Amino acid sequence: MAFLELEKLSKAFGTHIAVDGLTLGVEKGEFVSLLGPSGCGKTTTLQMIAGFVEPTSGAIRLAGKDLVATKPAKRGLGIVFQSYALFPHMTVTENVGFGLEMQGVSASERTTRVGETLELVGLAAFAGRFPRQLSGGQQQRVALARALVIRPQILLLDEPLSNLDAKLREGMQIELRQIQRTVGTTTILVTHDQAEAMALSDRIVVMNHGKAEQIGPPHEAYEKPATAFVANFLGKTNLVNGTTVRPERISFATSGVSGALAGTVRTRIFQGNHWLYQVETASGLVTVIRQNTGDNMPGEGATVHLAWAP
Amino acid sequence: MRATPYLMSLPALVLFAGVVIVPLAMTMLLSFHDWGQYKGIEPVFILKNWQEVLGDSYFHEMFWRTFRIAFFVTLLAAVFGAPEAYILNKMKSPWRGIFLLVILGPLLISVVARTLGWALLFGGNSGLANKALMNMGLISAPLPFMFTETGVIVALAHVLMPYMVLAVWASLQRLDPQIENAAVALGAGPFTVVRRIVLPQVMPGILSGAVIVFALAASAFATPSIIGGRRLKVASTLAYDEFLNTLNWPLGAAVAVLLLFALVAIVWGANRLVERRYAQVFG
């Protein structure tokens, strides 16, 4: 029996079905991402686990106990919101200590635990500041510390990195993963960013129209997508003669290799660590990604032969 | 051209000076003139009116009553208006729009009409509400409402409530929509959420609403003159009487100018306090 179980979970808003019979088991300590485009039901699922939205049907069990019957305030879950939702009138220390105060933890223990958690997220020096006086990344860490300090059974992350710029986001991904490993909290991340989901998760749940299209480790979902939707959502794909091929798996072969597909380079874009090609072939336009190894690459208008392992 | 912005705002400045600054300055000047029953207004410079207004206990009582009424009106408006705005903000459409209209609708009706409504409900033995309550046997004598301070306070609070609701509503709009969920997830009950999370954040809204309501209540004329009448005068009805009944314009001018200065001082002080207290947190 899994630590957190969602069983045939459904939610309908009027006639619109947001989540449609989702079944998922999350093991203790696991990092699972709900991934999908906006409106796929991932956020509604998270809100049902948090207790802000009541399921239309189905069950949520945490460690064998029914969670739906538990009030949101009594669920003991740590949540990091997309907007962070920090309390603007409280200092960093007061923000992080709020959950402990609600649990009736003594002032002295509160000080210790808040200090430890701020140390964990690297914000010990900012304890006395107000949220407004912090950068986006720092606010994000306060939100994480506030969720972790209550030692939640589950950590729920709702698009936590989407408000950060690209560079900061990558840094925070690595840090988030390290922190999660350190504290070992079971974590559920909701995101529309497939790179983020793949970088952080033990398993990903690719969702579309309220249903799970595929549940599995990121590598498996990327290499063996169960559906065309999963294949497209997780990365660029080519559909050549009925088979899907990832662009980075196609190489330029010397002419005459059996099975190679002849074509003409339509566009070539340099992207630093790789080249992005659009090649015109008899079976349509094919996208090719080649590592930048420093070698000479075929230019626009050149005739090339494309080959890939089946 | 550097002078262009000033030149362009010149028409507005001339209008402002013409209809606000000049009359105010003339009223100020008037308050230093002399007046007598038979000689009328004498354009001299004396301090008689100011000595009377500042020294006579009759005027002290009048001003003290004006600000006491304004204070309780503000308190009532805050106690009822702030929760009203909070509940309104929680409503879903279309109810939110409908009830916002219900709350703001009275602003479209004349203050005189609204105040007369109160008079019809509670005016002595023939007041509708009084009659009904007496017929039901709940009260033996009509509730005193007309010519009482309580009556003026209740009617003014009703008239000025929308301003408080609007001010609090505006500050509720700036709240992070997830902030209450964040507090709930950390284990806070509904009462704690309001007291520890929502109230501190809408406090600037409540205070700015209070400044508006206080200023309007202290300078209100129609409601105190209908409910309070001659028996229960406040600063504005006093100034009116001096001008139009006693015809002692200089004394009326002194009362009006004093009311203006006292209000400016209170509003300015309250604003300073709010800014100093909240600048660091909310910016």
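These are my notebook entries on a predicted model with chains A and B.

**Entry: domains of chain A**

I began with the domain assignment of chain A, which gives domain 1 as 4-231 and domain 2 as 236-307. I then looked up the separation of the two, and their C-alpha centres lie 39 Å apart.

**Entry: the open sheet of chain A**

I traced an open sheet of four strands in chain A, with the order 2-1-4-5 and antiparallel pairing. Strand 2 (16-26) and strand 5 (65-66) of chain A each have a single partner strand, so each stands at an edge with one side left without a neighbour in the sheet. I next examined the pairing of strand 1 (residues 4-13) with strand 4 (residues 57-62) of chain A, which is antiparallel and runs over five bridges. As a reference point for the register I noted Glu5(A), whose bridge partner in strand 4 is Arg61(A).

**Entry: helix 3 of chain A**

I turned to helix 3 (residues 107-120) of chain A, a helix of 14 residues. From first C-alpha to last, helix 3 reaches 20 Å, close to the 20 Å expected at 1.5 Å a residue. Which residues of helix 3 are buried? I found Arg110(A), Val114(A), Thr117(A) and Leu118(A). Seen down the helix axis, these buried residues fall within an arc of 100°, so they line one face of helix 3. I recall the general rule here: an α-helix has 3.6 residues a turn, so residues three or four places apart point the same way.

On the other side of helix 3, I recorded Ser108(A), Glu109(A), Thr112(A) and Glu119(A) as exposed. I then asked what covers the buried residues, and the cover includes helix 2 and helix 4 (136-148) of chain A. Just after helix 3, I noted that Gly122(A) takes a positive phi of about 75°.

**Entry: Gly171(A)**

I located Gly171(A) in helix 5 (residues 166-183) of chain A. Is Gly171(A) buried or exposed? I counted 12 other C-beta atoms within 10 Å, and the residue is therefore exposed, given that exposure is assigned at 12 or fewer. I also checked Gly171(A) against Leu234(A): the two are 63 residues apart in sequence and 21 Å apart in space, C-alpha to C-alpha.

**Entry: strand 17 of chain A**

I followed the side chains along strand 17 (residues 303-307) of chain A and found that they alternate. Val304(A) and Leu306(A) point to one face and are buried, whereas Thr303(A), His305(A) and Ala307(A) point to the other and are not. For the neighbours of strand 17, I looked up two pairings. Strand 13 (residues 251-253) runs antiparallel to strand 17 and is joined to it by three bridges, with His305(A) as the bridge partner of Ala253(A). Strand 14 (residues 261-270) also pairs with strand 17 in the antiparallel sense, over four bridges, and here Val304(A) is the bridge partner of Gly263(A).

**Entry: chain B and the interface**

For chain B, I recorded 13 helices and two strands. Its C-alpha atoms fill a box of roughly 75 × 75 × 35 Å along the principal axes. Of its 283 residues, 31% count as buried. Among contacts in chain B between residues at least 6 apart in sequence, 71% join residues at least 24 apart.

How many residues of each chain are in contact with the other? I noted 19 of chain A and 18 of chain B. On the chain A side, helix 2 (residues 92-102) supplies the largest share, three residues. By class, that side divides into 14 nonpolar residues, four polar and one charged.

Definitions and conventions
Residues are numbered from 1 along each chain as its sequence is written. Chains are lettered from A and ligands numbered from 1 in the order in which they are written. This is a predicted model: local features need pLDDT of at least 70, side-chain atom pairs count only at pLDDT 80 or more; totals for chains, interfaces and linings use all residues. Two residues are in contact if their C-beta atoms, placed from the backbone, lie within 7 Å. Ala, Val, Leu, Ile, Met, Phe, Trp, Tyr, Cys and Pro count as nonpolar, Asp, Glu, Lys and Arg as charged, and the others, Gly among them, as polar. A residue is buried if 20 or more other C-beta atoms lie within 10 Å of its own, exposed if 12 or fewer, and partly exposed in between; C-beta atoms are placed from the backbone. The expected span of a helix is 1.5 Å times one less than its number of residues. The arc is that of the directions from the helix axis to the C-beta atoms. Domain bounds come from an automatic or database domain assignment. Two strands pair if DSSP finds at least two bridges between them.
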